[in-house]
Amino acid sequence: MAELVFFSGTMDSGKSTLALQTHHNHSSRGRHGLLFTRNDRAGQARLSSRLGLEVDADEVDDATDFWAVVSDARSRTGHVDYLVCDEAQFYAPEQVEQLARLVDEAGIDVYAFGILSDFRTRLFPGSARLVELADRVETLQVPALCWCGARATHNARTVDGRMVVEGEQVVVGDVDSATGTVAYEVLCRRHHARRMTLATASARSGPGDTLDLA
């Protein structure tokens, strides 16, 4: 029976790597699938992992209708067995509902991969809808680590190394802006609450000192 599975985790937990591995495992057994992504770090219509793996994928935007895309693919290839949907936190709730419909009415397996919450610790709308509709929600078992060595549970947005808690929900990292360089860093809950990134902790400890983990 087809199912909708949501694999969630922080940045650096291997979501995109697992998405690529999932696609490889299914396609190597003769199953035909489609890959989707949105706002990938590698650019438009690319699905990439931090390990350096990268493939072409269909870019999702606000106008994407998964039912229409799959119907068109079926008319050209004859069948679609599964979908791999990376960066699913950026999908609209209505698009997640389309994915659930494909599972229930077309018998297509959907494997979605994404971050649960944003830099303000609030759920992304797409992720929230996936939690509500998925047959299974799997937490990735590869732990991302905070700079202090503890398990990272929160995604922080930084500007020139300093954590910020205001701004648009979706801003692609590692881009230049008028206010500095925007990037992202994973932190444990304690250091996220204290807004203490690696850069600010290093500045606080001083040259040659041991980092203050308090």
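Reader: In which order do the six strands of the open sheet stand, and with what pairing?

Author: In this predicted model, the sheet is open and its six strands pair in the parallel sense. The edges are formed by β5, residues 58–59, and β8, residues 136–139, each of which pairs on one side only. Read from one edge to the other, the order is β5-β2-β6-β7-β1-β8.

Reader: How many bridges join β2 to β6, and which residue in β6 is the bridge partner of Leu34?

Author: Strand β2 has β5 as a parallel partner, over two bridges, and in that pairing Phe36 stands opposite Asp58 in β5. Strand β2 also runs parallel to β6, and the number of bridges joining these two is four. The bridge partner of Leu34 in β6 is Leu83.

Reader: How many of the five residues of β2 are buried, and which of them lie on the side with Phe36?

Author: Strand β2 is mostly covered, with five of its five residues buried. In a regular strand the side chains alternate between the two faces of the sheet. Here both faces are covered, since Gly33, Leu35 and Thr37 are buried on one side, and on the other the buried residues are Leu34 and Phe36.

Reader: Which parts of the chain does the aromatic pair of Phe36 and Phe66 tie together, and how far apart are they in sequence?

Author: The two rings lie 4.9 Å apart, centre to centre, with 80° between their planes, and because an angle over 60 degrees counts as edge-to-face, the pair of Phe36 and Phe66 is classed as edge-to-face. Phe36 belongs to strand β2 and Phe66 to helix α2, so the parts tied together are 30 residues apart in sequence.

Reader: Which residues form one aromatic cluster with Phe66, and is Phe66 buried or exposed?

Author: Besides its pair with Phe36, Phe66 forms a tilted pair with Tyr91, at 5.6 Å centre to centre and 40° between the planes. Phe66 lies in helix α2 and Tyr91 in the loop between β6 and α3, so this pair ties together parts 25 residues apart in sequence. The relative accessible area is 1% for Phe36 and 2% for Tyr91, and both count as buried because the limit is 20%. The cluster partners are thus Phe36 and Tyr91, and Phe66, at 0%, is buried.

Reader: What angle does helix α2 make with β2, and what angle does helix α3 make with β6?

Author: Helix α2, residues 66–77, lies across β2 and β6, and runs at about 145° to β2. Helix α3, residues 93–106, packs on the sheet and touches β1, β6 and β7, while the angle between its direction and that of β6 is about 160°.

Reader: How do the axes of α3 and α4 cross, and in which hand?

Author: Two packed helices are described by the angle between their axes and the distance between the axes. The contact involves Pro93, Val96, Glu97 and Ala100 in α3, which meet Pro125, Gly126, Arg129, Leu130 and Leu133 in α4. The axes come within 8 Å and cross at roughly 30°, and the crossing is right-handed.

Reader: Which residue in β7 is the bridge partner of Leu4, and which residue in β8 stands opposite Phe6?

Author: Strand β1 pairs in the parallel sense with β7 over five bridges and with β8 over four bridges. Its residues Leu4, Phe6 and Ser8 point one way, Val5 and Phe7 point the other way, and all are buried. Leu4 has as its bridge partner in β7 Val110, and the residue opposite Phe6 in β8 is Val137.

Reader: Where along the chain is Leu140, and how far are the C-alpha atoms of Leu140 and Lys15 from each other?

Author: Leu140 lies in the loop between β8 and β9, and at 9% relative accessibility it counts as buried. Leaving aside neighbours within four places in sequence, Leu140 is in contact with residues including Phe7, Ser8, Lys15 and Arg151. Although Leu140 and Lys15 are 125 residues apart along the chain, their C-alpha atoms are separated by 7.4 Å.

Reader: Over which rings do Arg101 and Arg157 lie?

Author: The charged end of Arg101 sits 3.7 Å from the centre of the ring it covers, that of Trp67. Arg157 lies at 3.8 Å from a ring centre, over the face of Phe119.

Terms used:
Residues numbered from 1 in each chain as written. Predicted model: local features only at pLDDT ≥ 70, side-chain atom pairs only at ≥ 80, totals over all residues. Heavy atoms only, no water. Pairing = 2+ DSSP bridges. Contact = heavy atoms within 4.5 Å. Axes fitted to C-alpha atoms, helices over the stretch in contact; angles between N-to-C directions. Phe/Tyr/Trp six-rings, centres within 6.5 Å; stacked < 30°, edge-to-face > 60°. Buried < 20%, exposed > 50% of the residue type's maximum accessible area, 1.4 Å probe, protein only. Lys NZ or Arg CZ within 6 Å of the ring centre and 35° of its normal. Left-handed = near helix turned anticlockwise from the far one by under 90°.
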